Amino acid sequence: MVPDIGRGSRTHGLLVYLYGPGRREEHTDAHLVGSWDGFAPDPGRDPDPQVTLARLTAALDLRVKQAGDRAPAKHVWHCSVRTAPGDQRFSDEEWNAIAQRIVHATGIAPEGDPDGCRWIAVRHADDHIHIVATLVRGDLRNPRLNYDFNKAQAECRRIEKEMGLRRLNAGDGTAAKNPTSAEKFKAERTGRPETSRETLREAVRQALAGAADEKEFFTRLREAGLRVKVRQAPSGDALGYNVALPGDRNRHGEPVWYPGSKLAPDLSLPKIRHRLAGGADQAAPSAAEGRPQWSPPARERRGATGTAERAAVLLDGDGDDEEAAAQLVGVGELLDAVAQTSPAATRAELAAAARAFERATRSHVRAEHADTRALRSAARGIIRAGGALGRGEDGGTTAMLVSTLVLVTLAAARWHSARGHAQQAHASRQAAEHLRTAYRQAAATPMRALHDQGRALPEAQRRTYEATLRAVVPGGRADGRPARADALVATLAQAEQAGHDPEALLRQAVDMRELDTAADVNDVLVWRLRRIAQLPAHPGEAPRRPPAGTRPAKTSANRTSERNTSAAAPRPAVSDPSSRPPRR
């Protein structure tokens with residue numbers, strides 16, 4: 001059950017809308033289900049609705065007129081209360097009881113108070129009502145409406161529990177402001193897929209991702225095509241900023257400006273300055289430095305994967321909450337950076353993941369002094385490297401990074417759940433689902449190639465690596481069936497060819513962090529192995545060879561494979577070197 005509260009100054013205009021056909025002819029059978037005294041005139045049940053509408057307006061505004069200049073300028077309080085899809089349908093009597101509970105909880109008309117504000121509840125659809133009240137009490141004082149939205153939310157949560165409705169997550173006051181009904185209708189009227197507020201919020205977040213300083217942040221905003229207005233003190237210092245979409249104007253033809261703080265609590269200029277003050281670690285080396293054959297987007301994604309792994313470890317650990325909260329902010333920036341630079345095939349799902357996770361970056365746990373330089377540097381590197389291709393090493397490292405981000409968002413969900421942050425935990429799980437979809441899109445080609453390479457290995461060699469998997473992976477979580485483990489087997493073979501001990505490398509990958517939340521353990525291990533062994537993310541690329549003058553270590557896997565191969569084949573003549581089995 002969702003309450004939505006607004007204020008206005010035109011009682012009659014609001015009633016005309018509520019009793020009218022609606023903007024899309026969606027209003028049907030508009031009528032009162034409750035009022036302050038139970039005897040208010042009902043235009044929906046009167047043969048002369050226009051006259052009755054005027055009488056109802058006069059009755060609601062009576063005390064406002066009596067109060068004169070003492071009445072608030074916006075004296076109309078409007079609260080819609082809507083049930084979730086699939087919830088039971090209430091009778092008029094049940095909606096009346098719900099309306100009475102809402103006006104009591106918010107302080108509009110406390111139960112037993114004869115001087116409570118005048119109010120009505122109008123129903124013109126099955127799933128919601130509109131409560132309209134005028135904000136002057138019978139004693140001509142204004143009601144105390146501190147935190148009325150929070151109180152309405154809390155009462156709705158109690159009603160859900162008592163009446164067996166779908167339970168929504170309780171808020172904590174840190175969410176971004178939702179679009180108003182007027183903003184939604186304007187977006188629909190102008191053919192926009194979302195409101196200006198939502199578009200601007202995402203654009204400001206993306207401009208902030210990895211920005212080095214305030215100047216770069218404002219430059220990115222303008223480069224994104226936004227109108228930017230900076231409020232300055234007499235000294236010339238910036239006090240705040242407003243943004244607007246080109247062509248978005250009000251009825252007077254003026255741009256519709258939004259302050260950053262009204263887009264989201266953490267997008268005010270002081271909060272942005274605090275985040276930028278930590279800077280980005282420009283000296284942080286990429287995990288893939290020294291590989292000139294890899295493109296800049298591929299190098300930066302590979303380096304960001306390791307940074308994201310460390311963030312997941314911090315979120316799953318028992319460390320300081322402030323440090324964990326800072327990691328969430330940094331992960332949000334990393335998601336914003338990846339979303340705006342990824343290939344077209346995955347961009348929509350990654351953008352949806354970044355929008356969902358935005359809610360998970362804010363809670364009452366403040367990251368006032370924690371260090372986010374590593375994650376901000378990773379985001380900055382991805383932005384500066386530019387757009388990634390959907391194929392080759394770019395596409396493979398996108399899959400590598402997104403696979404890790406799935407686990408990071410799930411770690412964020414566990415962290416929030418443990419602290420009772422219901423909305424943030426839900427947002428983290430939503431982000432994980434979008435990331436899983438993006439991963440399937442990004443990983444399809446490289447994983448198919450790895451499966452083919454794994455199936456092409458000699459049977460004896462395959463069995464050796466599968467035995468290693470069963471011995472190392474805890475609880476037998478790696479699926480040893482050929483159709484599932486081919487990519488992992490191929491990766492172990494390539495790692496050994498590059499000079500690594502497959503068993504030791506696999507143990508390192510398993511020990512990095514838990515695997516219980518992985519939807520596919522094999523895929524997670526493939527990307528961990530390929531990153532820490534510096535194997536190409538796309539198997540079409542040539543694997544890294546050990547430095548000249550060194551020789552790959554003889555391991556149990558290649559020794560066993562050679563024994564099996566020599567036992568199965570006739571022993572060649574010593575005098576014919578060309579017939580000897582090649583050394584791998």
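At 23% relative accessibility, does leucine 140 count as buried, partly exposed or exposed? Leucine 140 counts as partly exposed, because the buried class is reserved for residues under 20% relative accessible area and the exposed class for those over 50%. The model discussed here is a predicted one. Leucine 140 belongs to the loop between strand E5 (128-134) and helix H4 (148-163). Its backbone also deserves notice: leucine 140 has a positive phi of about 65°, although it is not a glycine.

Aspartate 29 may be considered next. Aspartate 29, likewise not a glycine, has a positive phi of about 50°. The loop that holds aspartate 29 runs between H1 and E2, and the relative accessible area of this residue, 48%, makes it partly exposed. Arginine 23 is also found in the loop between helix H1 (11-19) and strand E2 (31-35). When neighbours within four places in sequence are left aside, arginine 23 is in contact with Tyr17 and Phe185. The C-alpha atoms of arginine 23 and arginine 189 are separated by 10.0 Å, while the two residues stand 166 residues apart along the chain.

From these loops the view may be widened to the whole chain. The protein chain has 20 helices and eight strands. Of its 584 residues, 49% are buried. The chain exposes about 27700 Å², and carbon and sulfur atoms supply 50% of that area. Among contacts between residues at least 6 apart in sequence, 71% join residues at least 24 apart.

Helix H9 shows how buried and exposed residues can be arranged around one element. The buried residues of H9, which spans residues 269-277, are Leu269, Ile272, Arg275 and Leu276. These residues lie on the same side of H9 because they cover an arc of only 120° around the axis. A general property of helices is useful here: an α-helix has 3.6 residues a turn, so residues three or four places apart point the same way. The face of H9 turned away from the buried side carries the exposed residues Pro270 and Ala277. What covers the buried residues of H9 includes the helices H6 (196-208), H7 (214-223), H11 (321-341) and H13 (373-385), together with strand E7 (238-244).

Two of these covering helices, H11 and H13, also pack against each other. Their axes are 8 Å apart, and the packing angle is about 10°. H11 and H13 are therefore roughly parallel to each other, since angles under 35 degrees count as such. On the H11 side, the residues that meet H13 are Gln327, Gly330, Val331, Glu333, Leu334, Ala337, Val338, Gln340 and Thr341. Their partners in H13 are Leu375, Arg376, Ala378, Ala379, Ile382 and Ile383.

Helix H11 also contains alanine 324. This residue has a relative accessible area of 3% and is therefore buried. Apart from neighbours within four places in sequence, alanine 324 is in contact with Leu315 and Trp415. The C-alpha atoms of alanine 324 and leucine 314 are separated by 6.3 Å, with the two residues 10 residues apart along the chain.

Another buried residue, arginine 436, is found in helix H15 (residues 422-455). Its relative accessible area is 18%, and arginine 436 is therefore buried. Once neighbours within four places in sequence are left aside, arginine 436 is in contact with Val406, Leu410, Thr517 and Ala519.

The aromatic residues provide a last subject. A pair of aromatic rings is described by the distance of the centres and the angle of the planes. A search of the whole structure finds four aromatic pairs. One of them joins phenylalanine 90 and tryptophan 95 in an edge-to-face arrangement, at 5.3 Å centre to centre and with 90° between the planes. Phenylalanine 90 and tryptophan 95 are both buried. Phenylalanine 217 and phenylalanine 218 form a tilted pair, at 5.2 Å centre to centre and with 50° between the planes. These two phenylalanines are buried as well. Together with Tyr241, Phe217 and Phe218 form one aromatic cluster.

How values were computed. Residues are numbered from 1 along each chain as its sequence is written. This is a predicted model: local features need pLDDT of at least 70, side-chain atom pairs count only at pLDDT 80 or more; totals for chains, interfaces and linings use all residues. Side-chain values use heavy atoms; hydrogens and water are left out. Buried means under 20% relative accessible area, exposed over 50%, partly exposed in between (1.4 Å probe, protein chains only). Helices (H or I, at least four residues) and strands (E, at least two) are DSSP runs, numbered from the N terminus. The arc is that of the directions from the helix axis to the C-beta atoms. Contact means heavy atoms within 4.5 Å. Rings of Phe, Tyr and Trp (its six-membered ring) pair if their centres lie within 6.5 Å; planes under 30 degrees apart count as stacked, over 60 as edge-to-face and the rest as tilted. Accessible areas come from the Shrake-Rupley method with a 1.4 Å probe; for residues, only the protein chains shown count as cover. Axes are lines fitted to C-alpha atoms, for helices over the stretch in contact, and angles run from 0 to 180 degrees between N-to-C directions. Angles under 35 degrees count as roughly parallel, over 145 as roughly antiparallel, 65 to 115 as roughly perpendicular and the rest as oblique.
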